[in-house]
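Please look over the chain shown below before reading on. The text then goes through it from the whole chain to single side chains.

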Amino acid sequence: MIGILALVLFVLLLAVGGERGASSILTLAGNIFVLTVTIFLLAGGFPPILLTFLAGTVISYLTLIKQNGKNKKTGAAFLATAAVMLLLLPAVYLVVWKMNGGGLNEIQAIQEDVMYYYNVDLRIRMLSIAVCINLLSVLGAVLDTALSITSSVHEVAVHRPELTRQELFFSGMRIGKEITGTTVNTLLFAYLGGSLLLFAYIKTGKYTVETILNSKFLFQDLSVMLFGGIACLAAVPVSSVCGAQMTAKNIKKNQVQN
């Protein structure tokens, strides 16, 4: 069934997207390959944070530049994504460390298959793995937000070349206000949809509210959604600045040459 669903996805990408759809398939395959290599290297004992940085850089390059072409829009989006992820790293690390959010949660730890079939002595720093999971989980949303902002700012600058950098920045901020609501809702429903079974288990087990709020299983899932929303909101001003600076500089350069 997985193969059939993947085939349907690829056919629809080609039918709807045409050449861009084919490019999306290649980018998706490249990103899956990067993530697969990252998992094997993590299992081999390579530094998780360094691997996450390298994997995030390659994924951002494939998604933005290889798929959409090398131009001022994708360059600004790449720069904005890097800035947001670097700003997010210490916050994610601090929160995960304070909450001790790495490793198996309470529900996973009591399952029989963990006790009898899996080796839990992996000799891998689970706090660092939890940081990597949070960063890679929010990367896609940040890439989407950054490219949407920089592309919009570029289009505004092309049609209104007389606008200043400050005016282009505020146009990006206005565009960001329009898309942040849908982006945060997407993250929310992605979390809720994937956690319905967990909520049903909690209801059946009659856990207290205090136990749930202080549980690792709630923190691990909810932190991804919250960090994703924070990162997308932070991407709006950062992308607006990068888009305004690079687009205005490019237009001014073209005017001087002409």
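What follows describes the overall make-up first, then one helix in detail, then a buried threonine and a salt bridge.

The model is predicted. Its protein chain has eleven helices and zero strands, so by the run definition used here every element counted is a helix. Read from the N terminus on, the elements are α-α-α-α-α-α-α-α-α-α-α. The protein chain holds 258 residues, and buried residues make up 36% of them. Among contacts with a separation of 6 or more, 79% are made by residues 24 or more positions apart. The surface that the protein chain exposes comes to about 15700 Å². Carbon and sulfur atoms supply 68% of that exposed surface.

Helix 4 is a useful element to follow residue by residue. It covers residues 72-99, which is 28 residues. From the first C-alpha of helix 4 to its last the reach is 40 Å, close to the 40 Å expected at 1.5 Å a residue. At the start of helix 4, a side-chain oxygen of N71 comes to within 3.1 Å of the backbone nitrogen of K73. Further along, helix 4 bends by about 30 degrees at L88. A proline, P90, follows within four residues of that bend. L88 is also one of the buried residues of helix 4. The others in that group are T74, A76, A77, A80, T81, V84, M85, V92 and V96.

Helix 2 offers a single position to examine. This helix spans residues 19-43, and T38 lies in it. Is T38 buried or exposed? T38 counts as buried because its relative accessibility is 7%, and the cut-off for buried is under 20%. Which residues does T38 touch, leaving aside its neighbours within four places in sequence? With those neighbours left out, T38 is in contact with L51 and A55.

The last feature is a charged pair. The count of salt bridges in the model comes to one. It joins the side chains of R160 and E162, with a distance of 2.5 Å from N to O. How accessible are the two partners, R160 and E162? R160 has a relative accessibility of 42% and therefore counts as partly exposed. E162 has a relative accessible area of 52%, so E162 is exposed. The two partners fall into separate classes because exposed means over 50% and partly exposed covers the range between that value and 20%.

How values were computed. Residues numbered from 1 in each chain as written. Predicted model: local features only at pLDDT ≥ 70, side-chain atom pairs only at ≥ 80, totals over all residues. Heavy atoms only, no water. Helix = DSSP H or I, 4+ residues; strand = E, 2+ residues; numbered from the N terminus. Buried < 20%, exposed > 50% of the residue type's maximum accessible area, 1.4 Å probe, protein only. Contact = heavy atoms within 4.5 Å. Salt bridge = Lys/Arg side-chain N within 4 Å of Asp/Glu carboxyl O. Expected span 1.5 Å × (residues − 1). Bend = angle between axes of the 7 residues up to and from the residue. Polar contact = N/O pair within 3.5 Å; in protein donor to acceptor, adjacent residues only side chain to side chain. Areas by Shrake-Rupley, 256 points an atom, 1.4 Å probe, with all protein chains shown as cover.
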